[in-house]
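Visitor: I am new to this structure and would be grateful for a close look at a single part, the surroundings of the ligand. Please then place that part within the rest of the chain.

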Amino acid sequence: MRIDILTILPELLEGPFSASIMKRAQDKGHVDIHLHNIRDYSTDKHKNVDDYQYGGGAGMVMSIEPIVTIIEKLQKERFYDDVIFMTPDGTLLEQGVCNELSLKKNLILLCGHYKGIDERIREHFITKELSIGSYVLSGGELAAAVLTDAIVRLLPGVLNNETSALTDSFQDNLLSPPVYTRPPEYRGWKVPKILLSGNFPEIEKWREKKAQERTQERRPDLFDK
Ligand code: ADE
């Protein structure tokens with residue numbers, strides 16, 4: 001899979017992709033992540049990438065030209081399954097969307113800033129708009145990092161134990177059950193006996209019950225699905 005991220009702050013995205021699972025996924029060739037600085041495509045003599053909004057009002061708007069230049073350049077080089085705009089007014093990102101996107105070959109992610117992007121980019125180039133939550137970040141970069149991480153960990157071979165992504169919270173609309181490791185007792189706080197029993201069918205039943213209780217308590221919206 002290839003992911004091209006368009007941003008005015010590529011340095012914000014270097015950290016999240018340079019350690020742990022995201023780094024290994026790139027080193028092993030499961031994903032190719034390319035960061036593009038939108039400013040490099042500005043034809044303005046000051047390399048500006050934003051401008052005042054028509055009609056007046058506070059806040060600058062990201063200009064259409066540099067963004068269209070990069071998108072069209074990339075689209076000439078290969079087919080992109082989706083051009084995704086990270087924005088607080090997009091569809092709320094959920095596991096199902098990550099699963100779907102993990103099956104694609106090439107994706108472009110556009111990170112917004114300021115008051116937003118010229119609406120004509122959304123009308124003519126963007127195929128999906130995603131929000132990572134009902135709050136406003138100072139830019140789309142952290143949202144793009146979240147989306148990329150959530151997709152890349154699903155690619156075959158990225159996680160050591162391939163079943164571990166399948167047993168994540170949300171994959172079956174259930175939160176994960178509680179987990180424990182050694183010691184079996186700490187300050188008198190004991191690991192539930194059933195987990196030490198070696199009775200795997202009963203352990204599975206216990207986990208299912210705990211997952212259901214936890215989901216009903218914390219995320220009744222998921223439970224009702
Ligand atoms: N850009 C700013 N806030 C955002 C959010 N919540 N999700 C996606 N992109 C954003």
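Guide: The account below begins with the ligand and then moves outward along the chain.

The model is predicted, so local features are reported only where pLDDT is at least 70 and side-chain atom pairs only at pLDDT 80 or more, whereas totals for chains, interfaces and linings use all residues. Residues are numbered from 1 along each chain as its sequence is written, and side-chain values use heavy atoms, with hydrogens and water left out.

The ligand is surrounded by 13 residues, and the closest are Thr-87, Ile-132, Gly-133, Tyr-135 and Leu-137. A residue is placed in this group if one of its heavy atoms lies within 4 Å of the ligand. Sorted by class, the shell has eight nonpolar residues, five polar residues and no charged residues. In this sorting, Ala, Val, Leu, Ile, Met, Phe, Trp, Tyr, Cys and Pro are nonpolar, Asp, Glu, Lys and Arg are charged, and the others, Gly among them, are polar.

Two strands each supply at least two residues of the shell: strand E5 (82–92) and strand E7 (128–131). Of the elements that contribute, E5 gives the most, with three residues. Helices (H or I, at least four residues) and strands (E, at least two) are DSSP runs, numbered from the N terminus.

Three of the closest residues also approach the ligand through their backbone. A backbone N or O atom of Tyr-135 lies 2.8 Å from a nitrogen atom of the ligand. For Leu-137, the separation between a backbone N or O atom and a ligand nitrogen is 3.0 Å, and for Gly-133 it is 3.2 Å. A polar contact is a pair of N or O atoms within 3.5 Å; within protein, one must be able to donate a hydrogen and the other to accept it, and residues adjacent in sequence count only if both atoms are side-chain atoms. The ligand exposes 260 Å² when taken alone, and the protein buries 97% of that area. Accessible areas come from the Shrake-Rupley method with a 1.4 Å probe, and for residues only the protein chains shown count as cover.

The wider setting is the division of the protein chain into domain 1 (2–152) and domain 2 (169–223). These bounds come from an automatic or database domain assignment. The C-alpha centres of the two domains lie 37 Å apart.

Some individual positions complete the picture, beginning with the cysteines. The structure holds zero disulfides, a disulfide being a pair of cysteine sulfur atoms within 2.5 Å. The sulfur of Cys-98 has its closest cysteine sulfur in Cys-111, and because the two are 16 Å apart, they are too far for a bond. Cys-98 counts as buried because its relative accessibility is 3%; buried means under 20% relative accessible area, exposed over 50%, and partly exposed in between (1.4 Å probe, protein chains only). Cys-111 is likewise buried, at 0%.

Another buried position is Ile-70, with a relative accessibility of 0%. Ile-70 belongs to helix H3 (residues 64–77). Its C-alpha atom is separated by 29 Å from that of Ser-20, 50 residues apart along the chain.

Several loops also deserve attention. Lys-47 lies between strand E2 (32–37) and strand E3 (50–52) and has a positive phi of about 60 degrees although it is not a glycine. At 39% relative accessibility, Lys-47 counts as partly exposed. Asn-173, in the loop between H7 and E8, also is not a glycine yet has a positive phi of about 60 degrees. Its relative accessibility of 28% makes Asn-173 partly exposed.

Pro-183 is found in the loop between helix H7 (163–166) and strand E8 (185–186). The peptide bond that leads from Arg-182 to Pro-183 is cis, with omega near 5 degrees.

Gly-157 lies in the loop between helix H6 (141–152) and H7 and is partly exposed at 23% relative accessibility. The C-alpha atoms of Gly-157 and Glu-72, 85 residues apart along the chain, are separated by 32 Å.

Finally, Lys-193 occupies the loop between strand E9 (189–190) and helix H8 (200–218). Lys-193 is exposed, with a relative accessible area of 76%. From Lys-193 to Ile-203, 10 residues apart along the chain, the C-alpha separation is 9.8 Å.
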